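Colleague: I would like to learn how to read features off a model such as this one. Please take me through a few, with the general idea before the case.

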Amino acid sequence: MSLTMKKPVNTTIRVAVLCVLCTMPASAQIPNHRLFYQHDNRAPLTMLDIVFPGSGSMRDETSKTGLAVTVARLLEDYAKEHGYTARMEALGTDIDIHTFYEHQTISIASLSANFAASVGIVNDLIHSMTVTDLALEESKTKLLESYEKEVDSGDHVIQRNFALSRTVGVGRWFSRKAMKQITLDEARHFFAGLLNAEVVFFKAISDLDSTEVAEFLRPIMNDRRKGGFDWSPATRGKNRLPGHTAFVFKHYSNLKNVYCHWLIPIGAVGEDNFVPNMVSWTLGRGTGRGLLYEYLREESGMVYGNSCSFRREADVRFLEIYADPRIENSEELMTKMHAFIAGLANNPEFWAAIRELRENPDVIDAHTHGERTPQRRLSREVDQALYDFPSREDGIKSVTDGEIRSFLQKYFVERNLVTMFYGPKEHIIEILDKHWPEVEIHVLTTESTIE
């Protein structure tokens, strides 16, 4: 059931947004140093995640946006400059450091014969790490350059994070201004909290026996001080509809298509995921050839591509609908999509597709429950232990039409649409003003999303 969407910052550090399908608010406590394990004898390899809950980007205050990923970058740079990365490469081991919303993760992929030695090197790394002014400034410079390149390339995910931060209050991934102001003391304090996290747990896939893996992890477990981060994620109050809002990015006047994104917030994490799963699959998740494909491409030919995805940004879940009409079709497409979204609860073709999905749930069940690979089985086990998410004995077969209708009537309404448009600015604003004069319009440069 684990789907991870990762936003690359460079080849080894990523700010990641975990899709809501794998994440719920914490209601269970994982014992310190617990090992989650899956056996896989297809190759003599061991993949290990060392997870530090509570030390992710959710710890960043607004004025310190980017602190968590800066510390991760410092650790990566230190490993390279002081020979730790080279030592692991000589053993055939790769190391990655990831910053997620809730946690930091150090991941290694090692030949099993060299796993114990690789763990020893990682342990030496995290206990030898020091933060200097020069290293901090170099890491911040590299991160600034990475994000600026992503923005210059038109990265939609950064811009979507900005739009959601302005409407439903998710935390920003990155702020150029805030990152420049991160101090040496702040970086050192954050890393000390990471090193001394109250709970550290492990995820491993290996051809080795679980007892062997656990024994090799002892260098990290032994004599580890505690008293740093503990995991207490923010909880949201009652769901608030953000209002009909449009973000228009103005540096795309040369495009021949209007790239349209409809974001539909569907509440905070912790609610039932079966209904939004069914809605997104019916509209066009997976193969993409759902109702939206039939409606927008086969019947009307207005778009080249379309999709509907169920996602999570920080602690907010949302559905994202995408379509790319040519400029001459954009007004018709935008008005039809708004009508389609508002009328979905009364759309007979939608209900026929829901009945078909309920009668033949094998594809969605296999995907969302993730029982086909060791990685997905492991992720599901960890997610269940961490978040104790609700389950249904009969899966989507137990979801009633009444539950789906109530969901659509609550969320599939204009006052809950956060829209993003890329294309000729004046053309898009003219359409918005003509059909939805009440919409709140924000005209932005892509660069402003990381200011």
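Colleague: Which backbone nitrogen does a side-chain oxygen of Asn347 reach at the start of α13?

Modeller: That of Glu349: the oxygen comes to within 2.9 Å of this nitrogen. Bear in mind that the model is predicted.

Colleague: What end-to-end distance should helix α13 have, and what does the model give?

Modeller: Helix α13 runs over residues 348-359, which makes 12 residues. At 1.5 Å a residue, the expected span is 16 Å, and the end C-alpha atoms are 17 Å apart, so the two agree.

Colleague: Which residues of α13 are buried?

Modeller: The general idea comes before the list. An α-helix has 3.6 residues a turn, so residues three or four places apart point the same way. In α13, the buried residues are Phe350, Trp351, Ala353, Ile354, Leu357 and Arg358. They cover an arc of only 160 degrees around the axis, which puts them on the same side of α13. Pro348, Glu356 and Glu359 are exposed on the other side of α13.

Colleague: Where can I see that reading applied to another helix?

Modeller: Take α17, residues 425-435, where Ile428, Ile429, Ile431 and Leu432 are buried. Their arc around the axis is only 155 degrees, which places them on the same side of α17. Glu426, Glu430 and Lys434 are exposed on the other side.

Colleague: What do the buried residues of α17 pack against?

Modeller: They pack against α12 and against three strands, β8 (245-249), β12 (418-422) and β13 (440-444).

Colleague: Which residues does Thr335 of α12 touch, leaving aside those up to four places away in sequence?

Modeller: Thr335 touches His435 and Trp436. The C-alpha atoms of Thr335 and Leu432 are 9.4 Å apart, although 97 residues separate them along the chain. Leu432 is one of the buried residues of α17.

Colleague: Is Thr335 buried, partly exposed or exposed?

Modeller: Its relative accessible area is 23%, so Thr335 is partly exposed; the cut-off for buried is under 20%. The side chain of Thr335 also reaches the backbone oxygen of Glu331 at 3.0 Å.

Colleague: Now the strands. How many residues of β6 are buried?

Modeller: In β6, residues 103-111, 7 of the 9 residues are buried, so the strand is largely enclosed by the rest of the structure.

Colleague: Which strand pairs with β6 over 9 bridges, and which over 6?

Modeller: Strand β4 (residues 45-53) pairs with β6 over 9 bridges, in the antiparallel sense. Strand β5 (residues 94-99) pairs with β6 over 6 bridges, also antiparallel. A hairpin of 3 residues joins β5 to β6.

Colleague: Which residues stand opposite Ala109 in β6?

Modeller: Met47 stands opposite Ala109, and so does Asp94. Elsewhere in β6, Thr105 is the bridge partner of His98.

Colleague: What surrounds Thr105, beyond its neighbours within four places in sequence?

Modeller: Thr105 is in contact with Asp49, Ile50, Val51, Asp96, Ile97, His98 and Phe100. With a relative accessible area of 3%, Thr105 is buried. The side chains of Thr105 and His103 are joined by a polar contact of 3.1 Å.

Colleague: What is unusual about the phi of His33?

Modeller: Most residues other than glycine have a negative phi, and most peptide bonds are trans. His33 has a phi near 70 degrees, a positive value in a residue other than glycine. This residue lies in the loop between β2 (13-18) and β3 (35-39). At 18% relative accessibility, His33 counts as buried.

Colleague: Last, the chain as a whole. How many helices and strands does the protein chain have?

Modeller: The chain has 17 helices and 13 strands. Of its 451 residues, 56% are buried. Its accessible surface is about 19,000 Å², with 48% of that belonging to carbon and sulfur atoms.

Colleague: What share of the contacts with a separation of 6 or more joins residues 24 or more positions apart?

Modeller: The share is 83%. The contacts of Thr335 with His435 and Trp436 are an example to look at in the view.

Technical notes. Residues are numbered from 1 along each chain as its sequence is written. This is a predicted model: local features need pLDDT of at least 70, side-chain atom pairs count only at pLDDT 80 or more; totals for chains, interfaces and linings use all residues. Side-chain values use heavy atoms; hydrogens and water are left out. Helices (H or I, at least four residues) and strands (E, at least two) are DSSP runs, numbered from the N terminus. Buried means under 20% relative accessible area, exposed over 50%, partly exposed in between (1.4 Å probe, protein chains only). Contact means heavy atoms within 4.5 Å. Accessible areas come from the Shrake-Rupley method with a 1.4 Å probe; for residues, only the protein chains shown count as cover. The expected span of a helix is 1.5 Å times one less than its number of residues. The arc is that of the directions from the helix axis to the C-beta atoms. A polar contact is a pair of N or O atoms within 3.5 Å; within protein, one must be able to donate a hydrogen and the other to accept it, and residues adjacent in sequence count only if both atoms are side-chain atoms. Two strands pair if DSSP finds at least two bridges between them.
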